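Thank you all for making time this morning. I would like to take you through one model, beginning with a single residue and working outwards from there.

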Amino acid sequence: MTDHPIIPLRELPPGQRVGQFEIIRLLNRGGQAHIYLARVPFDGGLPIATLEETLRRRMRADALRAFITDQRICALKIPFVDFADHLTDEYEYLRRASDPPPALVRLYTPPVDRTRHTREIPGPPAARFADANGAMHQLPYLPLEYSAGGSLKDLLRAGQPLPPGAAVAIALQVGYALSYLHGVLNLVHHDVSPSNIVFRTPLDPTEPRAPECVLIDLAVAYHPARPTQRFRFGKEKYLPPESNTMAGGRFDYVVDTFSLGVVLLEMLHGTLPSTTDAVRQQRPRYVPVAPLLPQCSPALCDIIDAMLQPDPARRPAMATVVQWLGGTPEAQQPASLVRPDGVPAASTSPVINRVLLIAAGIVAGLTGLVACGVLAILLIGSTPAEPATTAVVPRSTIVQPTSTLAPVR
Ligand SMILES: Nc1ncnc2c1ncn2[C@@H]1O[C@H](COP(=O)(O)OP(=O)(O)O)[C@@H](O)[C@H]1O
Ligand SMILES: [Mg+2]
(Lines give C-alpha, C1' and ligand atoms only; values in the text may rest on other atoms or scores of the structure.)
(Ligands and ions follow the chains in the order given, each with its own letter.)
Protein backbone atom coordinates (compact mmCIF):
# COMPACT_ATOMS: atom_id res chain seq x y z
CA MET A 1 0.00 0.00 0.00
CA THR A 2 1.33 3.46 -0.87
CA ASP A 3 -0.09 6.93 -0.36
CA HIS A 4 -0.59 7.14 -4.12
CA PRO A 5 -2.27 3.92 -5.25
CA ILE A 6 -2.19 3.05 -8.92
CA ILE A 7 -5.55 3.42 -10.62
CA PRO A 8 -6.74 1.08 -13.39
CA LEU A 9 -6.97 2.96 -16.67
CA ARG A 10 -10.53 2.14 -17.65
CA GLU A 11 -13.98 3.34 -16.76
CA LEU A 12 -13.75 3.91 -13.03
CA PRO A 13 -16.36 2.39 -10.71
CA PRO A 14 -18.25 4.21 -7.92
CA GLY A 15 -16.10 4.48 -4.81
CA GLN A 16 -12.78 4.56 -6.73
CA ARG A 17 -10.41 7.12 -5.22
CA VAL A 18 -8.51 9.52 -7.48
CA GLY A 19 -6.29 11.68 -5.30
CA GLN A 20 -8.54 13.40 -2.78
CA PHE A 21 -11.66 12.65 -4.87
CA GLU A 22 -14.05 9.73 -4.86
CA ILE A 23 -15.88 8.68 -8.04
CA ILE A 24 -19.69 8.66 -7.86
CA ARG A 25 -20.39 7.68 -11.47
CA LEU A 26 -19.46 8.35 -15.08
CA LEU A 27 -21.22 11.46 -16.38
CA ASN A 28 -20.08 11.38 -19.96
CA ARG A 29 -17.37 10.28 -22.31
CA GLY A 30 -16.15 13.23 -24.39
CA GLY A 31 -13.83 13.13 -27.40
CA GLN A 32 -10.76 13.47 -25.20
CA ALA A 33 -11.70 12.51 -21.67
CA HIS A 34 -13.99 10.71 -19.27
CA ILE A 35 -16.02 13.08 -17.12
CA TYR A 36 -17.11 11.71 -13.75
CA LEU A 37 -19.40 12.91 -11.04
CA ALA A 38 -17.18 12.87 -7.96
CA ARG A 39 -16.92 14.27 -4.46
CA VAL A 40 -14.42 15.04 -1.77
CA PRO A 41 -15.24 12.65 1.08
CA PHE A 42 -15.60 14.17 4.55
CA ASP A 43 -16.91 13.13 7.96
CA GLY A 44 -20.66 13.27 7.83
CA GLY A 45 -20.85 13.08 4.00
CA LEU A 46 -23.83 11.10 2.70
CA PRO A 47 -23.43 7.57 1.28
CA ILE A 48 -23.09 7.53 -2.53
CA ALA A 49 -26.50 5.88 -3.02
CA THR A 50 -28.22 8.63 -1.00
CA LEU A 51 -26.34 11.31 -2.94
CA GLU A 52 -27.47 9.81 -6.22
CA GLU A 53 -31.05 9.48 -5.03
CA THR A 54 -31.16 13.09 -3.87
CA LEU A 55 -29.67 14.37 -7.14
CA ARG A 56 -32.42 12.54 -9.05
CA ARG A 57 -35.17 14.25 -7.02
CA ARG A 58 -37.06 17.26 -8.32
CA MET A 59 -35.65 20.18 -6.34
CA ARG A 60 -35.67 23.94 -6.37
CA ALA A 61 -32.60 25.27 -8.17
CA ASP A 62 -31.15 26.97 -5.07
CA ALA A 63 -31.70 23.85 -2.91
CA LEU A 64 -29.88 21.73 -5.49
CA ARG A 65 -26.95 24.16 -5.65
CA ALA A 66 -26.68 24.18 -1.85
CA PHE A 67 -26.76 20.37 -1.77
CA ILE A 68 -23.96 20.13 -4.37
CA THR A 69 -21.82 22.60 -2.42
CA ASP A 70 -22.51 21.06 0.99
CA GLN A 71 -21.78 17.52 -0.17
CA ARG A 72 -18.59 18.65 -1.94
CA ILE A 73 -19.76 17.29 -5.28
CA CYS A 74 -17.80 18.15 -8.44
CA ALA A 75 -17.05 16.94 -11.94
CA LEU A 76 -13.72 15.22 -12.57
CA LYS A 77 -12.26 15.26 -16.08
CA ILE A 78 -9.71 12.50 -16.67
CA PRO A 79 -8.11 12.62 -20.13
CA PHE A 80 -7.48 9.72 -22.46
CA VAL A 81 -3.73 9.03 -22.56
CA ASP A 82 -3.12 10.93 -25.82
CA PHE A 83 -4.82 14.10 -24.55
CA ALA A 84 -3.01 14.65 -21.26
CA ASP A 85 -1.32 17.83 -22.54
CA HIS A 86 -4.67 19.29 -23.67
CA LEU A 87 -5.91 18.90 -20.13
CA THR A 88 -2.78 20.43 -18.62
CA ASP A 89 -3.38 23.52 -20.79
CA GLU A 90 -7.07 23.60 -19.89
CA TYR A 91 -6.12 23.60 -16.22
CA GLU A 92 -3.66 26.44 -16.80
CA TYR A 93 -6.25 28.55 -18.65
CA LEU A 94 -8.86 28.06 -15.94
CA ARG A 95 -6.33 28.82 -13.21
CA ARG A 96 -5.55 32.14 -14.91
CA ALA A 97 -9.25 33.04 -14.98
CA SER A 98 -9.57 35.21 -11.92
CA ASP A 99 -13.06 36.60 -11.50
CA PRO A 100 -14.59 34.80 -14.54
CA PRO A 101 -18.17 35.52 -15.65
CA PRO A 102 -20.85 33.16 -14.27
CA ALA A 103 -21.17 31.35 -17.59
CA LEU A 104 -17.56 30.16 -17.71
CA VAL A 105 -16.67 26.83 -16.12
CA ARG A 106 -14.53 27.07 -12.96
CA LEU A 107 -12.04 24.81 -11.30
CA TYR A 108 -13.48 23.15 -8.22
CA THR A 109 -11.78 23.80 -4.93
CA PRO A 110 -13.16 22.00 -1.90
CA PRO A 111 -14.14 24.26 1.03
CA VAL A 112 -11.05 23.41 3.08
CA ASP A 113 -8.83 24.69 0.27
CA ARG A 114 -10.74 27.92 -0.36
CA THR A 115 -8.18 30.01 1.50
CA ARG A 116 -5.23 28.47 -0.35
CA HIS A 117 -3.58 30.74 -2.87
CA THR A 118 -4.26 28.69 -6.01
CA ARG A 119 -1.59 30.48 -8.05
CA GLU A 120 1.05 28.66 -6.04
CA ILE A 121 -0.07 25.29 -7.41
CA PRO A 122 2.34 24.53 -10.27
CA GLY A 123 0.02 22.33 -12.34
CA PRO A 124 -3.06 20.16 -12.27
CA PRO A 125 -3.25 17.29 -9.79
CA ALA A 126 -2.07 14.01 -11.31
CA ALA A 127 -2.31 10.32 -10.54
CA ARG A 128 -0.69 7.11 -11.74
CA PHE A 129 -2.86 4.93 -13.91
CA ALA A 130 -2.08 1.43 -15.21
CA ASP A 131 -3.45 0.33 -18.57
CA ALA A 132 -4.63 -3.20 -19.44
CA ASN A 133 -1.05 -4.17 -20.43
CA GLY A 134 0.35 -3.02 -17.12
CA ALA A 135 1.99 0.11 -18.62
CA MET A 136 1.99 3.12 -16.28
CA HIS A 137 0.73 6.57 -17.21
CA GLN A 138 1.01 9.67 -15.10
CA LEU A 139 -2.17 11.57 -16.02
CA PRO A 140 -3.37 14.99 -14.90
CA TYR A 141 -7.01 15.40 -13.96
CA LEU A 142 -9.26 18.39 -13.73
CA PRO A 143 -11.69 19.01 -10.85
CA LEU A 144 -14.52 21.24 -12.14
CA GLU A 145 -17.61 22.77 -10.66
CA TYR A 146 -20.49 20.43 -11.44
CA SER A 147 -23.36 21.65 -13.62
CA ALA A 148 -26.32 19.40 -12.89
CA GLY A 149 -28.67 20.32 -15.76
CA GLY A 150 -27.25 18.32 -18.68
CA SER A 151 -26.09 19.94 -21.92
CA LEU A 152 -27.64 22.05 -24.65
CA LYS A 153 -27.04 19.03 -26.88
CA ASP A 154 -29.40 17.00 -24.65
CA LEU A 155 -31.98 19.80 -24.86
CA LEU A 156 -31.76 20.06 -28.65
CA ARG A 157 -32.16 16.31 -29.05
CA ALA A 158 -35.91 16.90 -28.96
CA GLY A 159 -35.50 18.66 -32.34
CA GLN A 160 -37.80 21.50 -31.21
CA PRO A 161 -36.92 25.18 -31.67
CA LEU A 162 -36.41 26.99 -28.35
CA PRO A 163 -38.51 30.09 -27.65
CA PRO A 164 -36.54 33.04 -29.13
CA GLY A 165 -36.24 34.75 -25.71
CA ALA A 166 -34.57 31.65 -24.25
CA ALA A 167 -32.28 31.09 -27.27
CA VAL A 168 -31.06 34.69 -27.11
CA ALA A 169 -30.59 34.46 -23.32
CA ILE A 170 -28.41 31.37 -23.79
CA ALA A 171 -26.41 33.00 -26.62
CA LEU A 172 -25.92 36.12 -24.49
CA GLN A 173 -24.56 34.17 -21.52
CA VAL A 174 -22.20 32.15 -23.71
CA GLY A 175 -21.28 35.37 -25.56
CA TYR A 176 -20.23 37.02 -22.27
CA ALA A 177 -18.11 34.01 -21.38
CA LEU A 178 -16.47 34.13 -24.82
CA SER A 179 -15.86 37.90 -24.60
CA TYR A 180 -14.00 37.24 -21.36
CA LEU A 181 -11.98 34.43 -22.96
CA HIS A 182 -11.09 36.67 -25.90
CA GLY A 183 -10.55 39.96 -24.08
CA VAL A 184 -9.02 38.84 -20.77
CA LEU A 185 -7.43 35.45 -21.35
CA ASN A 186 -6.65 36.08 -25.04
CA LEU A 187 -7.95 32.67 -26.00
CA VAL A 188 -9.94 31.38 -28.96
CA HIS A 189 -12.22 28.62 -27.60
CA HIS A 190 -12.46 26.90 -30.99
CA ASP A 191 -15.01 24.28 -29.89
CA VAL A 192 -18.21 26.23 -29.19
CA SER A 193 -20.97 23.65 -29.70
CA PRO A 194 -24.09 22.38 -27.88
CA SER A 195 -22.17 19.60 -26.07
CA ASN A 196 -19.83 22.23 -24.60
CA ILE A 197 -22.67 24.31 -23.17
CA VAL A 198 -24.14 22.84 -19.99
CA PHE A 199 -26.84 24.02 -17.58
CA ARG A 200 -26.12 24.67 -13.95
CA THR A 201 -29.46 23.22 -12.80
CA PRO A 202 -32.02 21.03 -14.60
CA LEU A 203 -35.02 22.50 -16.36
CA ASP A 204 -38.36 21.50 -14.90
CA PRO A 205 -41.11 19.73 -16.94
CA THR A 206 -43.87 22.09 -15.71
CA GLU A 207 -42.43 25.15 -13.97
CA PRO A 208 -40.64 27.48 -16.47
CA ARG A 209 -37.07 28.32 -15.44
CA ALA A 210 -34.49 30.67 -16.93
CA PRO A 211 -31.57 28.53 -18.12
CA GLU A 212 -28.22 29.24 -16.45
CA CYS A 213 -25.50 28.25 -18.88
CA VAL A 214 -21.87 27.30 -18.42
CA LEU A 215 -19.40 27.17 -21.29
CA ILE A 216 -17.03 24.24 -20.71
CA ASP A 217 -14.14 22.48 -22.42
CA LEU A 218 -11.12 24.67 -23.09
CA ALA A 219 -9.22 21.57 -24.20
CA VAL A 220 -8.49 22.88 -27.69
CA ALA A 221 -8.37 26.62 -26.89
CA TYR A 222 -5.29 28.64 -27.91
CA HIS A 223 -3.88 32.12 -28.30
CA PRO A 224 -4.64 33.29 -31.85
CA ALA A 225 -1.01 34.17 -32.52
CA ARG A 226 0.09 30.74 -31.33
CA PRO A 227 -2.28 28.30 -33.00
CA THR A 228 -1.76 24.65 -32.26
CA GLN A 229 -2.68 21.60 -34.26
CA ARG A 230 -5.69 21.29 -32.01
CA PHE A 231 -8.01 23.04 -34.43
CA ARG A 232 -8.50 19.53 -35.81
CA PHE A 233 -10.47 18.58 -32.72
CA GLY A 234 -13.27 21.15 -32.90
CA LYS A 235 -16.60 19.91 -34.22
CA GLU A 236 -16.67 20.43 -37.96
CA LYS A 237 -20.37 21.33 -38.17
CA TYR A 238 -19.79 24.36 -35.95
CA LEU A 239 -16.51 25.59 -37.43
CA PRO A 240 -16.10 28.32 -40.07
CA PRO A 241 -14.67 27.79 -43.55
CA GLU A 242 -11.21 29.06 -42.58
CA SER A 243 -10.86 26.09 -40.21
CA ASN A 244 -10.92 23.80 -43.26
CA THR A 245 -8.46 25.75 -45.29
CA MET A 246 -6.00 27.38 -42.90
CA ALA A 247 -4.58 24.19 -41.42
CA GLY A 248 -2.11 25.37 -38.81
CA GLY A 249 -2.42 28.99 -39.93
CA ARG A 250 -3.41 32.01 -37.90
CA PHE A 251 -6.99 32.03 -36.65
CA ASP A 252 -8.85 34.87 -35.14
CA TYR A 253 -11.30 35.19 -32.26
CA VAL A 254 -14.13 35.39 -34.83
CA VAL A 255 -13.90 31.59 -35.26
CA ASP A 256 -15.99 31.58 -32.07
CA THR A 257 -18.37 34.21 -33.52
CA PHE A 258 -19.18 31.80 -36.35
CA SER A 259 -19.63 28.80 -34.02
CA LEU A 260 -21.94 30.71 -31.68
CA GLY A 261 -23.91 31.85 -34.75
CA VAL A 262 -24.42 28.20 -35.77
CA VAL A 263 -25.50 27.29 -32.22
CA LEU A 264 -27.95 30.22 -32.13
CA LEU A 265 -29.42 29.24 -35.49
CA GLU A 266 -29.77 25.62 -34.31
CA MET A 267 -31.56 26.73 -31.12
CA LEU A 268 -34.00 28.90 -33.09
CA HIS A 269 -34.60 26.41 -35.90
CA GLY A 270 -34.61 23.24 -33.77
CA THR A 271 -32.15 21.50 -36.09
CA LEU A 272 -29.13 22.58 -38.10
CA PRO A 273 -30.25 23.82 -41.51
CA SER A 274 -28.01 23.33 -44.54
CA THR A 275 -27.20 27.07 -44.62
CA THR A 276 -24.17 26.58 -42.43
CA ASP A 277 -22.91 23.64 -44.52
CA ALA A 278 -23.11 25.89 -47.54
CA VAL A 279 -21.05 28.53 -45.77
CA ARG A 280 -18.48 26.00 -44.64
CA GLN A 281 -18.12 24.66 -48.14
CA GLN A 282 -17.66 28.24 -49.33
CA ARG A 283 -20.53 28.25 -51.76
CA PRO A 284 -20.33 31.51 -53.69
CA ARG A 285 -23.27 33.35 -52.21
CA TYR A 286 -24.34 33.61 -48.57
CA VAL A 287 -28.05 32.80 -48.15
CA PRO A 288 -29.68 34.90 -45.37
CA VAL A 289 -31.41 33.02 -42.53
CA ALA A 290 -34.62 35.14 -42.33
CA PRO A 291 -36.84 32.67 -44.33
CA LEU A 292 -35.82 29.89 -41.89
CA LEU A 293 -36.75 31.93 -38.82
CA PRO A 294 -40.18 33.53 -39.41
CA GLN A 295 -40.67 33.88 -35.62
CA CYS A 296 -37.58 36.12 -35.23
CA SER A 297 -37.16 39.87 -35.59
CA PRO A 298 -35.26 41.20 -38.63
CA ALA A 299 -32.65 42.56 -36.19
CA LEU A 300 -31.92 39.08 -34.79
CA CYS A 301 -31.76 37.55 -38.28
CA ASP A 302 -29.31 40.26 -39.36
CA ILE A 303 -27.05 39.50 -36.38
CA ILE A 304 -27.01 35.78 -37.22
CA ASP A 305 -26.22 36.64 -40.85
CA ALA A 306 -23.30 38.78 -39.67
CA MET A 307 -22.02 35.99 -37.39
CA LEU A 308 -22.14 33.42 -40.19
CA GLN A 309 -20.25 35.46 -42.78
CA PRO A 310 -17.84 33.17 -44.66
CA ASP A 311 -15.18 35.91 -44.70
CA PRO A 312 -13.78 36.21 -41.14
CA ALA A 313 -12.96 39.88 -41.72
CA ARG A 314 -16.70 40.59 -42.06
CA ARG A 315 -17.75 38.89 -38.81
CA PRO A 316 -18.31 41.02 -35.68
CA ALA A 317 -16.17 40.59 -32.56
CA MET A 318 -17.89 38.80 -29.67
CA ALA A 319 -18.25 41.96 -27.58
CA THR A 320 -20.19 43.52 -30.48
CA VAL A 321 -22.36 40.41 -30.85
CA VAL A 322 -23.26 40.62 -27.16
CA GLN A 323 -24.11 44.30 -27.46
CA TRP A 324 -26.26 43.74 -30.56
CA LEU A 325 -28.06 40.69 -29.12
CA GLY A 326 -28.85 42.64 -25.95
CA GLY A 327 -30.63 45.25 -28.09
CA THR A 328 -32.95 42.80 -29.93
CA PRO A 329 -36.68 42.56 -29.12
CA GLU A 330 -36.06 38.88 -28.25
CA ALA A 331 -33.75 39.94 -25.39
CA GLN A 332 -36.82 41.56 -23.77
CA GLN A 333 -38.93 38.39 -24.09
CA PRO A 334 -39.21 35.81 -21.29
CA ALA A 335 -36.08 33.65 -21.16
CA SER A 336 -37.67 30.83 -19.17
CA LEU A 337 -38.11 27.35 -20.51
CA VAL A 338 -39.76 24.11 -19.50
CA ARG A 339 -38.05 20.80 -20.15
CA PRO A 340 -39.50 19.33 -23.36
CA ASP A 341 -40.89 15.77 -23.32
CA GLY A 342 -38.24 13.13 -23.88
CA VAL A 343 -35.32 15.25 -22.64
CA PRO A 344 -33.68 13.79 -19.51
CA ALA A 345 -33.50 16.03 -16.42
CA ALA A 346 -29.70 15.84 -16.56
CA SER A 347 -27.19 14.02 -18.72
CA THR A 348 -27.96 10.33 -18.37
CA SER A 349 -25.11 8.06 -17.51
CA PRO A 350 -23.66 6.22 -20.50
CA VAL A 351 -23.18 3.31 -18.06
CA ILE A 352 -26.90 3.21 -17.32
CA ASN A 353 -27.62 3.51 -21.04
CA ARG A 354 -25.33 0.59 -21.77
CA VAL A 355 -26.84 -1.57 -19.02
CA LEU A 356 -30.33 -0.77 -20.33
CA LEU A 357 -29.21 -1.67 -23.84
CA ILE A 358 -27.73 -4.98 -22.70
CA ALA A 359 -30.84 -5.71 -20.61
CA ALA A 360 -33.00 -4.98 -23.67
CA GLY A 361 -30.76 -7.34 -25.67
CA ILE A 362 -31.20 -10.11 -23.09
CA VAL A 363 -34.98 -9.66 -23.03
CA ALA A 364 -35.08 -9.67 -26.84
CA GLY A 365 -32.85 -12.79 -26.90
CA LEU A 366 -35.00 -14.61 -24.36
CA THR A 367 -38.20 -13.64 -26.17
CA GLY A 368 -36.70 -14.94 -29.40
CA LEU A 369 -35.68 -18.23 -27.79
CA VAL A 370 -39.09 -18.72 -26.20
CA ALA A 371 -40.78 -17.94 -29.52
CA CYS A 372 -38.51 -20.44 -31.31
CA GLY A 373 -39.25 -23.03 -28.63
CA VAL A 374 -43.01 -22.56 -28.97
CA LEU A 375 -42.72 -22.75 -32.75
CA ALA A 376 -40.60 -25.90 -32.51
CA ILE A 377 -43.09 -27.58 -30.18
CA LEU A 378 -45.95 -26.67 -32.49
CA LEU A 379 -44.08 -28.02 -35.52
CA ILE A 380 -42.75 -31.22 -33.93
CA GLY A 381 -45.85 -32.02 -31.94
CA SER A 382 -46.28 -32.71 -28.26
CA THR A 383 -43.53 -35.39 -28.09
CA PRO A 384 -40.22 -33.69 -28.80
CA ALA A 385 -37.40 -35.92 -30.10
CA GLU A 386 -34.92 -34.37 -27.65
CA PRO A 387 -35.54 -33.92 -23.95
CA ALA A 388 -36.95 -30.45 -23.25
CA THR A 389 -34.24 -27.90 -22.54
CA THR A 390 -34.42 -24.60 -20.73
CA ALA A 391 -33.58 -21.48 -22.72
CA VAL A 392 -29.92 -20.53 -22.37
CA VAL A 393 -28.88 -16.90 -22.45
CA PRO A 394 -25.93 -16.55 -24.84
CA ARG A 395 -22.76 -15.76 -22.87
CA SER A 396 -22.11 -12.64 -24.88
CA THR A 397 -25.30 -11.06 -23.59
CA ILE A 398 -24.53 -11.59 -19.90
CA VAL A 399 -23.64 -8.32 -18.19
CA GLN A 400 -20.01 -8.49 -17.11
CA PRO A 401 -18.72 -5.97 -14.58
CA THR A 402 -16.55 -3.55 -16.58
CA SER A 403 -14.14 -2.89 -13.76
CA THR A 404 -13.26 -3.77 -10.22
CA LEU A 405 -12.16 -1.78 -7.23
CA ALA A 406 -8.92 -3.69 -6.92
CA PRO A 407 -5.93 -1.62 -7.94
CA VAL A 408 -3.77 -3.09 -10.72
CA ARG A 409 -0.42 -4.30 -9.48
N1 LIG B 1 -18.47 20.62 -15.19
C2 LIG B 1 -19.32 19.74 -15.75
N3 LIG B 1 -20.53 19.52 -15.19
C4 LIG B 1 -21.39 18.65 -15.75
N5 LIG B 1 -21.17 17.95 -16.88
C6 LIG B 1 -19.97 18.12 -17.49
C7 LIG B 1 -19.00 19.03 -16.95
N8 LIG B 1 -17.92 19.00 -17.77
C9 LIG B 1 -18.21 18.12 -18.74
N10 LIG B 1 -19.43 17.58 -18.59
C11 LIG B 1 -20.08 16.58 -19.47
O12 LIG B 1 -19.09 15.84 -20.14
C13 LIG B 1 -19.14 16.07 -21.56
C14 LIG B 1 -17.74 16.13 -22.14
O15 LIG B 1 -16.96 17.10 -21.44
P16 LIG B 1 -15.84 17.96 -22.17
O17 LIG B 1 -15.13 18.79 -21.16
O18 LIG B 1 -16.48 18.68 -23.30
O19 LIG B 1 -14.86 16.83 -22.70
P20 LIG B 1 -14.12 16.68 -24.14
O21 LIG B 1 -12.95 17.62 -24.06
O22 LIG B 1 -13.71 15.25 -24.18
O23 LIG B 1 -15.12 17.07 -25.18
C24 LIG B 1 -19.94 17.36 -21.73
O25 LIG B 1 -20.62 17.40 -22.97
C26 LIG B 1 -20.91 17.29 -20.55
O27 LIG B 1 -22.01 16.44 -20.88
MG1 LIG C 1 -16.35 18.78 -25.31
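Leaving aside its neighbours within four places in sequence, which residues is Ser-259 in contact with? Please keep in mind as we go that this is a predicted model. The contacts of Ser-259, once those sequence neighbours are set aside, are Val-192, Ser-193, Tyr-238 and Leu-239. Ser-259 itself sits in helix α7, which covers residues 254–269, and because it has 29 C-beta neighbours inside 10 Å, where 20 or more are needed, it counts as buried. For one of those partners, Leu-239, I can add that its C-alpha atom is separated from that of Ser-259 by 5.6 Å, although the two residues are 20 apart along the chain.

Let me turn to the loop between α5 (164–183) and β9 (197–199), where we find Asn-186 and also His-190. Most residues other than glycine have a negative phi. Asn-186, however, has a positive phi of about 55°, and His-190 likewise has a positive value, near 65°. Are these two buried or partly exposed? Asn-186 is partly exposed, with 14 other C-beta atoms within 10 Å, whereas His-190, with 27 such atoms within that distance, is buried.

Next comes helix α3, residues 84–96, whose 13 residues reach 19 Å from the first C-alpha to the last, close to the 18 Å expected at 1.5 Å a residue. Its buried residues are His-86, Leu-87, Glu-90, Tyr-91 and Leu-94. Seen down the axis of α3, these buried residues fall within an arc of 140°, so they line one face of the helix. As a reminder, an α-helix has 3.6 residues a turn, so residues three or four places apart point the same way. What do the buried residues of α3 pack against? They pack against four strands, namely β4 (33–39), β5 (73–79), β7 (136–140) and β8 (142–144).

Two of those strands, β4 and β5, appear again at ligand 1, since along with β3 (21–29) each supplies at least two residues of the shell. Of the 22 residues around ligand 1, those that come nearest are Asn-28, Gly-30, Ile-35, Ala-75 and Asp-217. By type, the shell divides into 10 nonpolar, nine polar and three charged residues, and it draws at least three residues from each of domain 1 (9–112 + 121–146) and domain 2 (149–368).

Finally, for the protein chain as a whole, the secondary structure comes to 11 helices and 10 strands, and 38% of its 409 residues count as buried.

Technical notes
Residues are numbered from 1 along each chain as its sequence is written. Chains are lettered from A and ligands numbered from 1 in the order in which they are written. This is a predicted model: local features need pLDDT of at least 70, side-chain atom pairs count only at pLDDT 80 or more; totals for chains, interfaces and linings use all residues. The expected span of a helix is 1.5 Å times one less than its number of residues. A residue is buried if 20 or more other C-beta atoms lie within 10 Å of its own, exposed if 12 or fewer, and partly exposed in between; C-beta atoms are placed from the backbone. The arc is that of the directions from the helix axis to the C-beta atoms. Two residues are in contact if their C-beta atoms, placed from the backbone, lie within 7 Å. A residue is near a molecule or strand if its C-beta atom, placed from the backbone, lies within 6 Å of it. Ala, Val, Leu, Ile, Met, Phe, Trp, Tyr, Cys and Pro count as nonpolar, Asp, Glu, Lys and Arg as charged, and the others, Gly among them, as polar. Domain bounds come from an automatic or database domain assignment.
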